[in-house]
Amino acid sequence: MTRLLLCLCLVAVLLAFCAPAPSAAPTMSPTTPAPDFIILAYATDALVVEAIPFSELTHINYAFLIPNADGTFAPLANAWKLRKLIETAHSHSVRVCISVGGWGWDSAFEQLAASAESRAAFVQNLMAVIYEYQFDGADIDWEYPDPGASAQNFLKLVTEVRTAMPDKLLTAAVISYGDEYGQGIPAQAFAVMDFVNVMTYDGPDHASMEQFERGLAYWEGRGLPAEKTVMGVPFYSRPGEIPYSRLVKADPAAAQTDKFDFVGAVQVYNGIPTIQAKTRIAMQRAGGIMFWSLDHDAPGELSLVSAIYRAVHEPR
């Protein structure tokens, strides 16, 4: 009996080894990440470092370093917060650039870029700020150089900045579309910069899909490579410039639409569906998505940053 049992056990073992392996269920990654796709947040000194979703970002542009006509800069506000931001971002492999300029500083750029001496001072002082705070590069936000001499001075400025920091990021913020200001960015500058942030918001068509697609088509037509094109979306409304966070705090349903009656005035902005639709277009035809600004976002499930991240990393 014992010998029979041993034989039966041996047969069972042999059959188990010879039987075809059960077909494994297909393994699918929960996401199909786009590792080179940029998710860039503009952030001001109103930010709260502890609230930043670093795991959902690739880059942060800190705004703003204000230029003077002689190539010097106004002191940065809240330097302690900036140091904490950069240290924390780097621990999450997020790169941080200093954004120079912003709306209203066109005259200072015009004057400093027109002179070799003030351009040299600008570059020297900019590099001092970058190394003092350990920024990963600079974003030139000149709103806006005009076609002609101004455009050539822009080219000289970014070329000299690039020469001074060959191993750091150099970007620029540019108009949505149109030659009136778009031609103020010479095509020769595209090779100098790592990427360009297209401000597809503001104006009479603020936040519309038509503005987004027209801006993308304009810079494609100018010869800006897709991988260097980072398309912008707003985290605020027009005409009231109401932060998205305030809109959805008034009514969470506002997150699912692009128009909302806020305190008696219809506000136009981007809710989650449109933000995700624009992100998917950028994934097909551009190199990234950016937004103004991080401190306008809502927390939790209504977050636009999270909506962008989900669109980039969803299975497809």
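Reader: How do you know that contacts in the chain join residues far apart in sequence, and what share joins residues at least 24 apart?

Author: In this predicted model, among the contacts between residues at least 6 apart in sequence, 75% join residues at least 24 apart. The chain in which these contacts are counted has 10 helices and 10 strands.

Reader: What makes A189 buried or exposed?

Author: A189 has a relative accessible area of 0%, and since the word buried applies under 20%, A189 is therefore called buried. The residue sits in the loop between α6 (179-182) and β6 (195-199).

Reader: Which residues is A189 in contact with, leaving aside its neighbours within four places in sequence?

Author: A189 is in contact with F154, L155 and V158, where contact requires heavy atoms within 4.5 Å. With F154 the C-alpha to C-alpha distance is 8.4 Å, although the two residues are 35 apart in sequence.

Reader: How many residues does the largest nonpolar core have, and why is it called a nonpolar core?

Author: The largest such core has 101 residues, and F122, L126, F135 and F291 are those with the most contacts inside it. Helix α4 (residues 116-133) supplies the largest share, seven residues. The name applies because a nonpolar core is a set of buried residues of types such as Phe and Leu, joined through side-chain atoms within 4.5 Å.

Reader: What does F291 touch beyond four places in sequence?

Author: F291 touches I39, L40, A41, Y42, L57, V233, F235, V305 and I308.

Reader: What percentage of the 316 residues in the chain is buried?

Author: Buried residues make up 51% of them, while carbon and sulfur atoms supply 59% of the about 14,800 Å² that the chain exposes.

Note on methods
Residues numbered from 1 in each chain as written. Predicted model: local features only at pLDDT ≥ 70, side-chain atom pairs only at ≥ 80, totals over all residues. Heavy atoms only, no water. Buried < 20%, exposed > 50% of the residue type's maximum accessible area, 1.4 Å probe, protein only. Helix = DSSP H or I, 4+ residues; strand = E, 2+ residues; numbered from the N terminus. Areas by Shrake-Rupley, 256 points an atom, 1.4 Å probe, with all protein chains shown as cover.
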